[in-house]
Amino acid sequence: MAYIGLQPQTKYVATSTQLLSGNGVDYEYTLNRSVSKAADLRVFVGSTAMRPEVDYTATGTQLLFTSQPASGTDNISINFLAGALTSV
């Protein structure tokens with residue numbers, strides 16, 4: 001399909017997934033990629049979907065839960081939907 005106007009430099013955004021292990025104590029976790037806002041992520045603890053700005057917030061590489069995720073190996077799944085733009 002042809003584009004009208006300038007040809008985009010990046011034709012698609014690559015998404016990725018990160019797995020973390022909760023310990024039942026920590027609220028804050030570090031992300032592999034930088035994000036602009038919580039809605040740039042889909043977060044699951046076990047099989048439970050977390051709600052952005054209600055169950056967690058995210059900015060830069062910081063993910064902050066409102067309550068501690070349960071303890072478990074790779075029980076926190078983070079799907080990156082978008083990322084923080086560093087240049088346009």
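Start by selecting Asp-40, which is buried in this predicted model, with a relative accessible area of 5%. Add Lys-37 to the selection, and you will find that the side chains of Lys-37 and Asp-40 meet in a salt bridge, at 3.2 Å from N to O. Lys-37, in contrast to its buried partner, is partly exposed, and its relative accessible area is 45%.

How many salt bridges does the structure hold? There are two, and to see the other one you can select Asp-55 together with Arg-51, whose side chains meet at 3.3 Å, N to O. Here too a buried residue is joined to a partly exposed one, since Asp-55 has a relative accessible area of 17%, under the 20% that marks a buried residue, while Arg-51 is partly exposed at 49%.

**Around Asp-55**

Keep Asp-55 selected and look at the chain on either side, where this residue is found in the loop between β4 and β5. Besides the salt bridge, the side chain of Asp-55 reaches the backbone nitrogen of Arg-51 at 2.7 Å, so that you can show both the side chain and the backbone of Arg-51 when you look at this spot. If you leave aside the neighbours within four places in sequence, Asp-55 is in contact with Ala-49, Met-50, Leu-64, Phe-65 and Thr-66.

**The open sheet**

Next, switch to a cartoon view and colour the strands β1, β6, β3 and β4, which in that order form an open sheet with antiparallel pairing. Which strands are at the edges? They are β1, residues 16-20, and β4, residues 48-49, each of which pairs on one side only.

Now select β6, residues 76-80, and β3, residues 41-45, which pair in the antiparallel sense over five bridges. Two of the bridge partners can be picked out here: Phe-44 is matched by Ser-77 in β6, and Arg-42 is matched by Asn-79 in β6. Adding β1 to the view shows another antiparallel pairing with β6, again over five bridges, and in this pairing Ser-16 has Phe-80 of β6 as its bridge partner. A surface calculation on β6 finds this strand mostly covered, with four of its five residues buried.

**The nonpolar core**

From the sheet, move on to the largest nonpolar core, which has 16 residues. Select Leu-41, Val-43, Tyr-56, Leu-63, Phe-65, Ile-76 and Ile-78, the residues that touch the most other members of this core. The elements that give two or more residues to the core are β2 (28-35), β3, β5 (56-65) and β6, and among these β5 gives the most, with four residues.

Leu-41 is a good place to pause. Not counting residues up to four places away in sequence, Leu-41 touches Leu-31, Val-35, Tyr-56, Ala-58, Leu-63, Ile-78, Asn-79, Phe-80 and Leu-81.

**Ala-58 in β5**

One of the residues touched by Leu-41 is Ala-58, and this is the residue to select next, in strand β5. Is Ala-58 buried or exposed? At 7% relative accessibility, Ala-58 counts as buried. With residues up to four places away in sequence left out, Ala-58 touches Val-35, Ser-36, Lys-37, Ala-38, Leu-41 and Leu-63, a list that includes the Lys-37 of the opening salt bridge. If you draw a line from the C-alpha of Ala-58 to the C-alpha of Ala-39, the two are 8.2 Å apart in space and 19 residues apart in sequence.

**The aromatic pair**

For the last stop, select Tyr-29 and Phe-65, and show their rings. A search of the whole structure finds one aromatic pair, and Tyr-29 and Phe-65 form it in an edge-to-face arrangement, with 5.8 Å from centre to centre and 85 degrees between the planes. The angle counts as edge-to-face because it is over 60 degrees. Where in the chain do the two partners come from? Tyr-29 is in strand β2 and Phe-65 is in strand β5, 36 residues apart, so the pair links distant parts of the chain. Both rings belong to buried residues, with Tyr-29 at 9% relative accessibility and Phe-65 at 4%. Phe-65 also takes you back to earlier stops on the tour, as a residue in contact with Asp-55 and as one of the core residues that touch the most other members.

Technical notes
Residues numbered from 1 in each chain as written. Predicted model: local features only at pLDDT ≥ 70, side-chain atom pairs only at ≥ 80, totals over all residues. Heavy atoms only, no water. Salt bridge = Lys/Arg side-chain N within 4 Å of Asp/Glu carboxyl O. Buried < 20%, exposed > 50% of the residue type's maximum accessible area, 1.4 Å probe, protein only. Pairing = 2+ DSSP bridges. Core = buried A, V, L, I, M, F, W, Y, C linked by side-chain atoms within 4.5 Å. Contact = heavy atoms within 4.5 Å. Polar contact = N/O pair within 3.5 Å; in protein donor to acceptor, adjacent residues only side chain to side chain. Phe/Tyr/Trp six-rings, centres within 6.5 Å; stacked < 30°, edge-to-face > 60°.
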